[in-house]
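Got the viewer open? Let's take a walk through the model, one selection at a time.

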Amino acid sequence: MNFQFTSKIKRNLFIIIAAGLAMFVVGFLTEKNHLYTEIHSVHEGEEGLLVEYYKELPFTKVKFVEDVTVAATEAGISVDFSDLIELHKDDHHGSQHHDDFEFKMLLTPHSLETEGEHGHSEAHGDAHAEDHGDSHAEEGGHDAHAGVHHTPMETLEHIVHEVGSFNDTGHARTWSNLLVNAFFFFGIGLGALFFIALQYATESGWGVVYKRILEAIIGWLPIGAIFLIIVFVGASMHWNHIYHWMDPEVHNPESAHFDIIIANKKPFLSQWFFWLMNAVYFAVFLLFARGFRKRSLQEDLEGGTKIHMKNFAKGALFLVLFGYLSSAMSWQWVMSIDTHWFSTLYGWYVFSGIWLSATIFILLLTFWLKGLGYLDFINESHIHDMGKWMFAISFLWTYLFFSQFMLIWYANIPEEVTYYLDRFGDYKWILWTTVAVNFVIPIILLMSREAKRSKNTIIIIGSILFVFHWVDVFILVMPGSVFDHWAIGFLEVGMFVAFLGMFIYTVLNTLSKAPMLVKNHPYLDENLHHHT
Amino acid sequence: MADKIIYAMYDDDDKLLDGARMLVSKGIHVNEVFSPMPIHGLDDVIGVRHTRLGIASFLYGLTGLMLATLGMKYFMIDDWMMNIGGKPSFSYLENLPAFIPITFEFTVLCAAHGMAITYLLRNKTLPGMPASNPDPRTTDDMFVMEIRTAENTKYSADELQSMVKSTAIVELDEKTV
């Protein structure tokens with residue numbers, strides 16, 4: 001029986017896509033950017049706020065200094081400004097055209113009431129009036145009941161984000177989110193492709209009933225590839241700046257932005273190699289996907305074991321290629337965003353996330369289709385087996401996350417820890433929430449045999465893990481591309497929902513084109529009586 | 001009345017499974033099956049309760065986790081403060097990543113050993129223990145089903161025997177306890 005892709009389901013999916021797009025448009029139009037801020041220690045015990053931006057701004061430095069001074073005085077802080085571009089110019093020549101866009105200042109805050117002493121300034125202007133009346137002796141007691149208190153540095157950072165905020169013409173968040181979603185959903189297709197190749201190569205019998213669902217998910221690959229190519233073309237044409245190494249200035253020894261580390265890796269971090277490898281990735285993935293699908297449909301008609309043995313050989317070949325390509329792919333597409341940093345098990349980490357997302361999606365889709373009465377041949381044992389994968393890969397993911405983190409934490413080498421410093425700074429809560437959710441929820445709630453067979457448990461836990469593995473990809477991409485300017489708002493949610501709608505539409509469309517159960521697979525009969 | 005044990009021998013696991021299904025459908029309780037390998041679906045047919053070995057394993061794992069944590073806290077932080085990878089914070093929590101691999105390994109060690117020993121004890125199959133299977137051929141290529149008359153009081157011993165004979169057995173043996 002074929003899946004009936006009814007107009008009602010189509011309409012609902014269009015509503016989801018439209019709602020996602022509407023949210024995205026709202027987010028896109030209100031996308032704000034602000035100056036980059038970073039706390040630097042200046043002298044012994046003294047800290048300054050480094051404020052930077054490298055593109056044209058809608059306000060001048062003079063205006064910025066005036067506005068910050070006014071706002072800071074209201075908050076009870078005096079600020080010293082020093083323009084670092086002037087200092088910079090003395091050292092370097094030959095990059096004049098860039099200086100028009102450069103904005104680099106060091107702001108050093110001093111609390112007005114307690115000169116040189118940090119931690120006692122009141123952040124809010126309205127409460128500030130009272131503060132003047134208080135004596136220093138009472139200030140400690142005041143701190144205890146006044147609620148939120150900020151250091152002068154935090155207050156200043158807040159002011160800079162307010163004053164230095166402007167509409168983002170570079171649309172960094174939109175581009176980065178496009179990469180997050182394109183990669184996440186392409187990854188699900190890729191995970192399904194890997195899974196089907198794994199089952200062919202190992203001649204597995206347990207998953208034959210899932211074959212058409214896997215093939216349907218693989219159907220997203222060509223469309224997912226288009227979205228990825230849009231992001232990559234945008235990066236190559238400098239419409240977006242996700243990949244820092246694509247900027248020719250960093251390879252130019254004459255430029256003030258020359259980066260010796262990136263320049264030394266030119267053979268790897270270059271446009272031609274990037275595109276050459278992209279051609280290899282897409283060619284291999286799409287050709288194998290097409291071949292597996294074609295032979296699967298052919299097997300329905302012809303039978304015999306010839307096609308089965310061919311799938312066995314092709315599956316094994318794909319696994320070998322995938323082993324190399326999935327790692328290299330994640331280095332070029334995702335890891336090179338944090339250009340200076342590298343990790344050899346990064347590819348496995350990304351792959352484990354891909355595989356898990358695919359497994360969860362297979363389970364959720366199976367339950368939905370079972371609810372519609374299509375998959376009566378999938379019994380509890382099949383569900384249990386797929387549930388075991390979901391349980392197991394969750395720990396593969398946690399294991400790889402921890403292995404990567406622990407080695408870097410232990411060695412504490414500056415060139416390695418930068419990656420985690422970025423994430424522990426502005427992404428601290430979202431990172432640890434993701435790790436906790438993706439580890440603790442499966443280990444506690446999915447351990448028992450009954451949980452892996454229960455529809456409700458798997459749907460609830462699966463949905464949570466699915467969303468948090470999207471967040472995981474978000475944390476892979478964002479810290480290196482939008483730095484501290486991340487948010488999860490209309491833009492992010494809308495784009496995710498729109499992608500999800502398109503993804504499900506494509507999957508169901510592919511699913512409707514072939515019978516839900518394969519015919520003539522050598523292990524079909526064994527699998528229909530599957531029992532664990 | 002003396003308890004009689006009927007041993008029905010089969011030469012194929014599917015034949016045994018079909019026989020067991022037939023007997024169970026008539027309300028006969030199959031006490032035990034001796035087989036050289038696991039037979040899929042047999043547990044449900046003869047009504048074997050689901051094993052609690054998993055729960056035991058979880059508890060052994062928890063024990064290992066606690067022992068490892070307490071041990072390392074005492075050895076590395078309290079008794080003799082260790083400088084861990086150049087991070088002399090002398091705090092278990094701040095050096096937690098360094099302790100996790102050992103915690104993990106010890107958890108697995110305790111869970112695996114505890115589970116294996118429990119399994120052997122529970123089945124009375126510790127090395128050197130007398131074998132409990134009725135016929136040595138059940139460790140090779142034969143399958144034996146055990147039915148006790150005391151558990152099937154609604155049929156007489158003869159009725160039970162004739163019903164067992166109607167399945168695809170190759171040998172029938174009887175023992176009085």
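Start by selecting the buried residues of α12 in chain A: Phe274, Tyr281, Phe285, Phe288, Ala289, Phe292, Ser296 and Glu299. "Buried" here means 20 or more other C-beta atoms within 10 Å of the residue's own; 12 or fewer is exposed, anything in between is partly exposed, and C-beta atoms are placed from the backbone. Helices (H or I, at least four residues) and strands (E, at least two) are DSSP runs, numbered from the N terminus.

A word on what you're looking at: this is a predicted model, in which local features need pLDDT of at least 70 and side-chain atom pairs count only at pLDDT 80 or more, while totals for chains, interfaces and linings use all residues. Residues are numbered from 1 along each chain as its sequence is written, and chains are lettered from A and ligands numbered from 1 in the order in which they are written.

**Along α12**

Now show all of α12(A), residues 271-302. Its 32 residues reach 46 Å from first C-alpha to last, close to the 46 Å expected at 1.5 Å a residue (the expected span is 1.5 Å times one less than the number of residues). What do the buried residues of α12(A) pack against? Add α8 (172-201), α9 (211-218), α10 (221-236) and α13 (306-333) of chain A, and you have the partners. Contact means that C-beta atoms, placed from the backbone, lie within 7 Å. Just past the helix, click A:Gly303, with its positive phi of about 75 degrees.

**The sheet**

Next, pick out the open sheet of four strands in chain A: the order is β2-β3-β5-β4, with antiparallel pairing. On the edges sit β2 and β4 (77-83) of chain A, each pairing on one side only. From one strand to the next, the twist averages 30 degrees. Strands pair if DSSP finds at least two bridges between them; β3 (46-53) and β5 (103-111) of chain A have five. Zoom in there and you'll find A:Leu50 opposite A:Leu106.

Then add α2 (61-74) of chain A, which lies across β4 and β5 of chain A and runs at about 160 degrees to β4(A). Axes are lines fitted to C-alpha atoms, for helices over the stretch in contact, and angles run from 0 to 180 degrees between N-to-C directions.

**A leucine in a loop**

Select A:Leu35, in the loop between β1 (32-34) and β2 (36-43) of chain A. Is A:Leu35 buried or exposed? It is buried, because 20 other C-beta atoms lie within 10 Å. Leaving out residues up to four places away in sequence, A:Leu35 touches A:Val51, A:Glu52, A:Tyr53, A:Phe103, A:Val160 and A:Gly164. A:Val160 is 125 residues away along the chain, yet the two C-alpha atoms are separated by 7.4 Å.

**Two crossing helices**

Jump to α14 (346-371) and α19 (455-481) of chain A, whose axes come within 9 Å and cross at roughly 145 degrees. Residues to show in α14(A) include A:Gly353, A:Leu356 and A:Phe367, and those in α19(A) include A:Lys455, A:His469 and A:Val473.

**Two loop stops**

Finish with two positive phi values outside glycine: about 50 degrees at A:Glu203 and about 60 degrees at A:Asn412. A:Glu203 is in the loop between α8 and α9 of chain A and is partly exposed, with 13 other C-beta atoms within 10 Å. A:Asn412 sits between α15 (380-411) and α16 (414-426) of chain A, and counts as exposed because it has 11 C-beta neighbours inside 10 Å.

How values were computed:
Contact = placed C-beta atoms within 7 Å.
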